[in-house]
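Biologist: Please take a close look at a single part of this model for me, with the cut-offs spelled out. How much space lies in the second largest pocket, and by which residues is the second largest pocket lined?

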Amino acid sequence: MSLLKMYRIALVCLCILAPLGACESSKALFEESVTAQCKNMLKDSPISNLVSDKIYTFTDASNEYEYKLGICASAVADSKTAVTQRELVNEKSRTVAVGRLNGTHVIRREDYLELSYYYGDMYHTHCAGTHRTARIVFVCDPCGGKGQPRLVEEFLTDSDASSNSHCFYLFDWATSDVCSKSSNGRLIICSPTGLGPGSIFIIVLLSLAVAYVIFGVTYNRFVRHAKGREQFPNYSFWVVCGDRIADGCDVLCRSRPPSIPMKQIPSVGRGDHQLDLSEDDIE
């Protein structure tokens with residue numbers, strides 16, 4: 001029998017024999033004990049900086065249920081419940097304990113960490129009436145920062161007791177805290193909007209082009225007093241550049257023989273005897 005279970009049995013006996021005040025004091029001491037045990041399990045883990053009194057509140061994808069989750073913290077005041085579920089459609093629905101701090105279990109791997117809370121409220125009609133369980137999987141996201149929890153799915157089975165271990169609430173939490181320190185030589189560029197490096201480069205390039213045109217036109221119009229097309233910055237350069245590009249396209253994409261320049265076309269016309277000119281005019 002574990003020390004924690006022996007402590008719980010002693011607490012129940014104390015609550016039966018002792019006055020109400022002593023029972024409440026022992027209950028608070030027990031809650032502090034399980035919280036301290038959870039914090040000790042995550043002390044040297046990658047998510048140690050997420051351990052706090054903060055409660056994360058979020059809903060499922062269909063906005064039918066609201067979840068509250070704490071990392072080594074009670075989601076409900078004066079309780080050792082770590083994860084709760086409340087139905088939003090029915091305002092009179094009760095809050096269900098999905099997992100409790102006294103059932104904390106941690107699995108660590110590279111770029112991955114799983115935090116489980118066991119001993120939630122019992123199921124009624126499925127999973128053989130076993131306790132609910134919350135599993136929070138922390139995965140590496142170099143650009144995720146501290147991240148936020150998200151419900152993936154509630155996995156349920158039939159009432160077969162042999163398969164009740166597969167009934168649990170699965171949450172995922174994408175965060176940079178569980179990423180390994182070495183990036184294996186890869187350059188990681190993060191942006192608040194989640195855009196990739198190529199998108200960022202195009203946005204920067206377009207921004208520079210727009211700024212070049214605006215400031216160039218303003219300078220030529222008000223400082224150099226240019227008019228018409230001459231207001232465009234470096235107009236002559238871009239004209240020549242456009243001509244060169246057009247010539248290159250003509251050479252690469254031409255589907256007919258090149259035309260003969262006008263200077264090389266022989267003069268074809270009437271002879272001198274057809275012009276009705278006199279000899280003096282010819283001389």
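Modeller: I begin with the basis of the model and the chain as a whole, and then turn to the pocket. The model is predicted, so that local features need pLDDT of at least 70 and side-chain atom pairs count only at pLDDT 80 or more, while totals for chains, interfaces and linings use all residues. Residues are numbered from 1 along each chain as its sequence is written, and side-chain values use heavy atoms, with hydrogens and water left out.

The chain has five helices and nine strands (DSSP runs, H or I of at least four residues for helices and E of at least two for strands, numbered from the N terminus), and from the N terminus on these run α-α-β-β-β-β-β-β-β-β-β-α-α-α. Of its 283 residues, 28% count as buried, that is, under 20% relative accessible area with a 1.4 Å probe and protein chains only.

The second largest pocket (an open set of points on a 1 Å grid over the protein atoms alone, where a 1.4 Å probe fits, with protein on both sides within 12 Å along at least five of seven lines) holds about 170 Å³ of space, a volume filled by probe spheres set on points joined across faces, edges and corners. Its lining, meaning residues with an atom within 4 Å of a point, consists of Tyr65, Gln85, Arg86, Glu87, Ser93, Arg94, Val96, Arg132, Glu154 and Tyr169. Strand S3, residues 81-87, gives the largest share of that lining, with three residues. By class, five lining residues are charged, three nonpolar and two polar, where Asp, Glu, Lys and Arg count as charged, Ala, Val, Leu, Ile, Met, Phe, Trp, Tyr, Cys and Pro as nonpolar, and the others, Gly among them, as polar.

Note on methods. Buried means under 20% relative accessible area, exposed over 50%, partly exposed in between (1.4 Å probe, protein chains only).
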